[in-house]
Amino acid sequence: MYRPAHFATDEPAALATLMRAHPLATLVHRHDGALDADPIPLLYDPAASPEAPHGWLRGHVARTNPLWRTADGRDVLAIFHGPQAYVTPSWYPSKAVTHKVVPTWNYAVVHAHGPLRAVDDAAWLHALVTRLADTHEAARAQPWAVSDAPPDYIAQMLRAIVGIEIAVTRLEGKFKLSQNRDAADRRGVADGLAHDGTPQGADLARWMSR
């Protein structure tokens with residue numbers, strides 16, 4: 001990923017925050033000699049080890065998905081897409097002074113690299129789907145839990161999936177949030193995004209104000 005110095009972000013806490021806030025990753029890999037990509041929700045565990053210096057990513061795929069059959073430690077790329085939005089030159093106060101402004105696009109993204117392995121183990125999968133449900137149901141008034149479903153049904157569902165795990169060997173972020181503009185223009189963009197009436201704009205404005 002091309003990362004000019006003013007947009008490069010390697011702070012572990014910031015990268016983890018984005019991955020947890022936007023867990024649906026695009027998993028880029030090779031299939032039959034060609035590039036392929038699968039959208040997969042992944043849980044990030046920052047616990048590092050010699051084989052995973054930047055932690056672990058874990059998820060699951062359908063047993064019918066050929067991805068897991070060819071995992072075998074091959075390198076993959078998981079892309080976590082954070083908030084993104086178009087930036088109009090009209091939000092820059094400097095427009096009224098110089099008119100030397102053009103449109104751009106602000107965004108935040110994290111790339112996680114590492115070897116992929118498949119985990120075809122019922123107990124491992126049960127723990128994973130329990131954690132997934134607990135994580136994504138936590139904010140609900142009446143959160144659903146895996147234990148709410150009949151055990152035989154859960155067992156049937158687990159037989160239809162296979163776990164995947166990525167030992168993260170390289171983790172890098174690019175947060176393009178108008179850092180190349182002066183303070184007044186940055187405030188103008190953040191205010192514009194906050195009031196443009198879209199959830200993405202409001203989310204991006206919050207990231208700019210951090």
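Trainee: Strands count as a pair if DSSP finds at least two bridges between them. With that settled, what is the bridge partner of Gln-84 in β7?

Mentor: Tyr-107 is the partner of Gln-84. Keep in mind that this is a predicted model.

Trainee: Noted. How many bridges hold β6 and β7 together, and in which sense do they pair?

Mentor: There are 12 bridges, and the sense is antiparallel. β6 covers residues 74–87 and β7 covers 104–119.

Trainee: What stands opposite Tyr-107 in β9?

Mentor: Lys-176 does. So Tyr-107 faces Gln-84 in one pairing and Lys-176 in β9 in another, where two strands pair if at least two bridges are found. β9 is residues 170–176, and it runs antiparallel to β7 over seven bridges.

Trainee: And β8, how many bridges does that one make with β7?

Mentor: Four, again antiparallel, with β8 at residues 161–167. Within that pairing, Leu-116 is set opposite Ile-166.

Trainee: Where is the hairpin made by β2 and β3, and how many residues lie between the strands?

Mentor: Two residues separate them, and Asp-32 in the turn has a positive phi of about 55°. β2 spans 24–31 and β3 spans 34–41, antiparallel, with eight bridges. For a register check, Leu-27 has Asp-38 as its bridge partner in β3.

Trainee: Stepping back, how many helices and strands are there in total?

Mentor: Six helices and nine strands. The C-alpha atoms fill a box of roughly 65 × 45 × 30 Å along the principal axes. Of contacts between residues at least 6 apart in sequence, 73% join residues at least 24 apart.

Trainee: What share of the chain is buried?

Mentor: 44% of the 210 residues. About 11,400 Å² is exposed, and 56% of that comes from carbon and sulfur atoms.

Trainee: Which residues touch the most other members of the largest nonpolar core?

Mentor: Leu-42, Leu-57, Phe-80 and Phe-175, in a core of 40 residues. A second core, apart from that one, has eight residues, including Leu-125, Val-129, Ala-133 and Val-146. In soluble globular proteins, nonpolar side chains tend to be buried together.

Trainee: What is Leu-42 in contact with, beyond its neighbours within four places in sequence?

Mentor: Its contacts include Leu-57 and Phe-80, as well as Pro-23, Ala-25, Ala-78, Ile-164 and Ile-166. Arg-58 and Gly-59 are also among the contacts of Leu-42. Ile-166 is the residue that Leu-116 stands opposite in β8.

Trainee: Changing topic: is Asp-72 buried or exposed?

Mentor: Asp-72 counts as exposed because its relative accessible area is 75%, and the cut-off is over 50%. The residue lies in the loop between β5, residues 56–62, and β6.

Trainee: How far apart in space are Asp-72 and Met-208?

Mentor: 40 Å, C-alpha to C-alpha, with their positions 136 residues apart in sequence.

Trainee: Why is Ala-160 classed as partly exposed?

Mentor: Its relative accessible area is 40%, and partly exposed runs between the 20% and 50% limits, so Ala-160 falls in that class. Ala-160 is in the loop between α4, residues 151–159, and β8. Leaving aside neighbours within four places in sequence, Ala-160 contacts Val-61, Ala-62 and Arg-63.

Trainee: How far is Ala-160 from Arg-140 in space?

Mentor: 27 Å, C-alpha to C-alpha, for 20 residues in sequence.

Trainee: Last one: how many positive and negative side chains are there?

Mentor: 21 positive and 22 negative, with the centres of the two sets 7 Å apart.

Definitions and conventions. Residues are numbered from 1 along each chain as its sequence is written. This is a predicted model: local features need pLDDT of at least 70, side-chain atom pairs count only at pLDDT 80 or more; totals for chains, interfaces and linings use all residues. Side-chain values use heavy atoms; hydrogens and water are left out. Buried means under 20% relative accessible area, exposed over 50%, partly exposed in between (1.4 Å probe, protein chains only). Contact means heavy atoms within 4.5 Å. Accessible areas come from the Shrake-Rupley method with a 1.4 Å probe; for residues, only the protein chains shown count as cover. Lys and Arg count as positive and Asp and Glu as negative; His and the chain ends are not counted. The place of a charge is taken as NZ of Lys, CZ of Arg, CG of Asp or CD of Glu. A nonpolar core is a set of buried Ala, Val, Leu, Ile, Met, Phe, Trp, Tyr and Cys residues joined through side-chain atoms within 4.5 Å.
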